[in-house]
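Q: I'd like a close look at a single part of this model rather than a tour of everything. Could you pick one helix, walk me through what packs against it, and then follow the chain into the loops around it?

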Amino acid sequence: MIDQLVETWRINNRANLLLLDALSTEALHASIFEKEKESPAKQFAHIHNVRFWKLEQLDKQLTNGQGKISRSDELSHELLRLKLLKSADIIGSVLKEGFENDGIIKGFRRGAAALMGYFISHESHHRGNMMLTMRQCGYKLPKSVTYGL
């Protein structure tokens with residue numbers, strides 16, 4: 001059962017990467033607002049930064065060598081993919097350890113299942129926002145992506 005739960009987390013991250021990989025560089029930075037504040041690039045950076053923030057709350061050691069994405073970083077496909085993969089791996093390890101410890105995660109009183117639910121819910125919300133942005137900006141995602149999500 002623990003492996004299934006951790007795989008559920010990994011499926012969520014693969015959904016993020018599926019969407020990221022489907023976007024052209026132009027689409028990645030598209031926004032209905034003038035200053036690109038709601039672009040998919042900014043939302044992917046936000047997803048990583050929330051992961052980073054939560055991991056840092058749990059244990060600062062978890063984030064060693066894993067920095068958040070700053071406003072000055074160039075939000076390329078490569079950077080976003082790398083950061084999402086690294087933070088997903090760390091979270092997967094934290095969840096696995098928590099599930100193996102009767103759901104207990106030090107620093108998060110609600111437990112491993114609730115933490116996983118929090119991340120998946122938050123990230124799904126942003127994937128929906130990104131898909132809406134793509135539609136409003138005139139970008140059409142392949143059916144393999146829209147059905148895959």
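A: What follows is a look at helix α5 and its two packing partners, and then at some loop residues.

One caveat up front: this is a predicted model. Helix α5 covers residues 112–136, and two helix contacts of α5 are worth going through, with α1 and with α3.

Start with α1, which spans residues 2–22. The axes of α1 and α5 come within 11 Å and cross at roughly 20 degrees. Angles under 35 degrees count as roughly parallel, so α1 and α5 are roughly parallel to each other. The crossing of α1 past α5 is left-handed. On the α1 side, the contact is made by L5, T8, W9, N12, A15, N16 and L19. They meet M116, F119, I120, E123, S124, R127, M130 and M131 of α5. Sorted by class, the residues of this contact come out as nine nonpolar, four polar and two charged.

Now the other partner. Helix α3 runs over residues 40–58, and its axis is 9 Å from that of α5, at an angle of about 170 degrees. Anything over 145 degrees counts as roughly antiparallel, so that is the label for α3 and α5. From α3, the residues involved are P40, Q43, F44, H46, I47, V50, R51, W53, K54 and L58. From α5 come L115, Y118, F119, H122, E123, H126, N129, M130, T133 and M134. The class split here is eleven nonpolar, six polar and three charged. If you compare the two lists, F119, E123 and M130 of α5 turn up in the contact with α1 and also in the contact with α3.

From there, on to the loops. Between α2 (25–28) and α3 sits S31. With a relative accessible area of 19%, S31 is buried, as the cut-off for that label is under 20%. The S31 side chain reaches the backbone nitrogen of F33 at 3.0 Å.

The loop between α3 and α4 holds both S70 and D73. S70 has 31% relative accessibility and counts as partly exposed, and D73, at 30%, is partly exposed too. The two are linked: a polar atom of the D73 side chain lies 2.9 Å from the backbone nitrogen of S70. The side chain of S70 also makes a polar contact, at 3.1 Å, with the side chain of S72. Setting aside neighbours within four places in sequence, D73 is in contact with K68 and L79.

How do these loop residues sit relative to α3? S70 is 24 residues from H46 in sequence, and their C-alpha atoms are 9.8 Å apart in space. H46 is one of the α3 residues in the contact with α5. For D73 and I47, 26 residues apart along the chain, the C-alpha separation is 15 Å. I47 is in that α3 contact list as well.

Last stop, the loop between α4 (77–100) and α5, where D102 is found. D102 is exposed, with a relative accessible area of 73%. Its phi is near 60 degrees, a positive value in a residue other than glycine.

Terms used. Residues numbered from 1 in each chain as written. Predicted model: local features only at pLDDT ≥ 70, side-chain atom pairs only at ≥ 80, totals over all residues. Heavy atoms only, no water. Axes fitted to C-alpha atoms, helices over the stretch in contact; angles between N-to-C directions. Helix = DSSP H or I, 4+ residues; strand = E, 2+ residues; numbered from the N terminus. Parallel < 35°, antiparallel > 145°, perpendicular 65-115°, else oblique. Left-handed = near helix turned anticlockwise from the far one by under 90°. Contact = heavy atoms within 4.5 Å. Nonpolar A, V, L, I, M, F, W, Y, C, P; charged D, E, K, R; others polar. Buried < 20%, exposed > 50% of the residue type's maximum accessible area, 1.4 Å probe, protein only. Polar contact = N/O pair within 3.5 Å; in protein donor to acceptor, adjacent residues only side chain to side chain.
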